[in-house]
Amino acid sequence: MADYYEVLGVSKDASEDEIKRAYRKMSRKYHPDIAGAEFEDKFKEVNSAYEVLSDSQKRQMYDQ
């Protein structure tokens, strides 16, 4: 399993705003319509990371 903090390029003590900014940057960078179809898996990985880290309960469980 990938380290979601590393996927988004943020530290483990990043705030919700930092996570949101990193997600927007990475999702735009790897979006298949912009970057190409070969980045679809990376785009899905970025979305999964954001889904977990943006939800405080999921993030707490992930950190443990």
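The structure holds 3 salt bridges, a salt bridge being a side-chain nitrogen of Lys or Arg within 4 Å of a carboxyl oxygen of Asp or Glu. This is a predicted model, in which local features need pLDDT of at least 70 and side-chain atom pairs count only at pLDDT 80 or more, while totals for chains, interfaces and linings use all residues. Residues are numbered from 1 along each chain as its sequence is written, and side-chain values use heavy atoms, with hydrogens and water left out.

Start with the salt bridges. Select E40 and K44, whose side chains meet at 3.5 Å, N to O. Both lie in helix α4, 4 residues apart, about one turn of the helix; helices are DSSP runs of H or I of at least four residues, numbered from the N terminus. E40 is partly exposed at 37% relative accessibility, on a scale where buried means under 20% relative accessible area, exposed over 50%, and partly exposed in between (1.4 Å probe, protein chains only).

Next, select E45 and K42, which form a salt bridge of 3.6 Å, N to O. Keep K42 selected and add Y30: the charged end of K42 sits over the ring of Y30, 5.5 Å from its centre. That label requires NZ of Lys or CZ of Arg within 6 Å of the ring centre and within 35 degrees of the ring normal. Then go to K58 and E51, another salt bridge, at 3.5 Å, N to O.

Now select helix α2, residues 16-30. Its buried residues are I19, A22, Y23, M26, S27 and Y30. Viewed down the axis of α2, these fall within an arc of 125°, so they line one face of the helix; the arc is that of the directions from the helix axis to the C-beta atoms. Turn the helix around to find the exposed residues R21, R24, K25 and R28 on the face away from the buried side. Show α1 (4-8), α3 (32-35), α4 (40-53) and α5 (56-63), which are among what covers the buried residues of α2.

Finish with the rings. The whole structure has 4 aromatic pairs: rings of Phe, Tyr and Trp (its six-membered ring) with centres within 6.5 Å, stacked if the planes are under 30 degrees apart, edge-to-face if over 60, and tilted otherwise. Select Y4 and Y62, a stacked pair at 5.0 Å centre to centre, with 25° between the planes. Y4 is in helix α1 and Y62 in helix α5, 58 residues apart. The rings of Y23 and Y50 are also stacked, with centres 4.1 Å apart and planes at 15°. Y23 lies in helix α2 and Y50 in helix α4, so this pair ties together parts 27 residues apart in sequence. Last, add Y5 to Y4 and Y62: ring pairs link Y4, Y5 and Y62 into a cluster.

Key: Helices (H or I, at least four residues) and strands (E, at least two) are DSSP runs, numbered from the N terminus. The expected span of a helix is 1.5 Å times one less than its number of residues. Contact means heavy atoms within 4.5 Å.
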